[in-house]
Amino acid sequence: MNDLLPSISDRDFARFQRLIEDEAGIFLAPVKKELLVGRLSKRLRILALPSFAAYLEYVVSGVDEEERVRMLDCICTNETHFFREPAHFAFMKDVALPSFASAAANGQRPRRLRVWSAGCSTGEEPYSIAMLLLRYFPPQSGWDLSVIASDLSTRVLTQARQARYSEERARELPDAMARQFIKRERREEDERNATVTLVPALRDIVEFRRVNLAAVPFPALGRFDLVFCRNVMIYFRPPTKQRVVTGLLEQLADDGYLFLGHAESLLNLRSAVRTLGPTIYARSRVHAREDSH
Ligand SMILES: C[S@@+](CC[C@H](N)C(=O)[O-])C[C@H]1O[C@@H](n2cnc3c(N)ncnc32)[C@H](O)[C@@H]1O
């Protein structure tokens, strides 16, 4: 362990482990001890606390409710990028959106689409979804489009709402998307820190909210046609995962599609879904809700 960082006893690590799993569903296996120390030692420094035991007491004492949120902000891993796992976006464009469009053309559904990006991190995922939606259903098509993007971490939500990304990050976008959805604000004097902002038309259809997926029941968000919950449950243990997936399926429209991360298997929930592609699911017909007919 790095000499400059304070150490943590096994007993205190176990207490943090319980607290973090209870609060956020995130299970830090013993090998994650150094990760915890690395990520939380800054909080000890800022609060001038002498040890992890003292920090834990401070967090659970409730004198500063925001510190719980800050602790979780430090623990969350927020790696993401635009159009991550392209097979999911190809499925959305080639299968999901055409199925909604033809159902609407036949009068079987309204021209309205609601999408949930759960565990959206700094916004690349929900904005990628919104780009595809707007290209498929441009404003003149008359579709009402909305993306609810949620995360546990307030830090990433603040960043996501700004819709500002580095030039380097923006290079992940296909050319056509970049041309349509990026506003360049190049500051000539400092090329390296150049950033771009996403256009208002895109930002207008994405709404960010703090939702803790480990706290069931979820807030009343309504039904969604597409639910993305990718690379969020990797640190959840099986009972938590099962609870979260059951909750996500509850929010999914009967003709909707659920996208999970590639490392996130559906455990023993397979009977509740039909598999349509790599970690792409629909509700199984048996489980379709009676109230929808
Ligand atoms: C690795 S990022 C994945 C981002 C995006 N979905 C993707 O696939 O690129 C995981 C995100 O899940 C969030 N997260 C972790 N635990 C959560 C929880 N209990 N409720 C909501 N979000 C959570 C983290 O804050 C982080 O932003």
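## Ligand contacts and two sheets

A nitrogen atom of the ligand is 2.8 Å from a polar backbone atom of R230. A polar contact here is a pair of N or O atoms within 3.5 Å. The model is predicted: local features need pLDDT of at least 70, side-chain atom pairs count only at pLDDT 80 or more, and totals for chains, interfaces and linings use all residues. Numbering starts from 1 along each chain as its sequence is written, and side-chain values use heavy atoms, without hydrogens and water.

**Exercise 1.** Describe the surroundings of the ligand, from contacts to burial.

*Solution.*
- Start with the side chains. A polar side-chain atom of T80 lies 2.6 Å from an oxygen atom of the ligand. For R84, a polar side-chain atom is 2.7 Å from a ligand oxygen atom.
- Next, the area. Alone, the ligand exposes 610 Å², and the protein buries 97% of that. Areas come from the Shrake-Rupley method with a 1.4 Å probe.
- Then widen the view. The ligand has 22 residues around it; T80, R84, G119, D151 and N231 come nearest. Near means that a heavy atom of the residue lies within 4 Å.

**Exercise 2.** Work out the layout of the three-stranded sheet.

*Solution.*
- Set the order. This open sheet runs 3-5-4, with antiparallel pairing. Strands are DSSP runs (E, at least two residues), numbered from the N terminus; two of them pair if DSSP finds at least two bridges between them.
- Find the edges. Strand 3 (164-166) and strand 4 (182-184) each have a single partner strand, so one side of each lacks a neighbour in the sheet.
- Check a pair. Strand 3 and strand 5 (residues 195-198) are antiparallel and joined by three bridges. Y165 has V196 of strand 5 as its bridge partner.

**Exercise 3.** Do the same for the seven-stranded sheet.

*Solution.*
- Set the order. This open sheet reads 6-2-1-7-8-10-9, and its pairing is mixed.
- Find the edges. Strand 6 (206-210) and strand 9 (273-277) have a single partner strand each, so each has one side without a neighbour in the sheet.
- Check a pair. Strand 8 (residues 252-260) and strand 10 (residues 280-283) pair in the antiparallel sense over two bridges. The partner of F259 in strand 10 is I280.

Key. Helices (H or I, at least four residues) and strands (E, at least two) are DSSP runs, numbered from the N terminus. A polar contact is a pair of N or O atoms within 3.5 Å; within protein, one must be able to donate a hydrogen and the other to accept it, and residues adjacent in sequence count only if both atoms are side-chain atoms.
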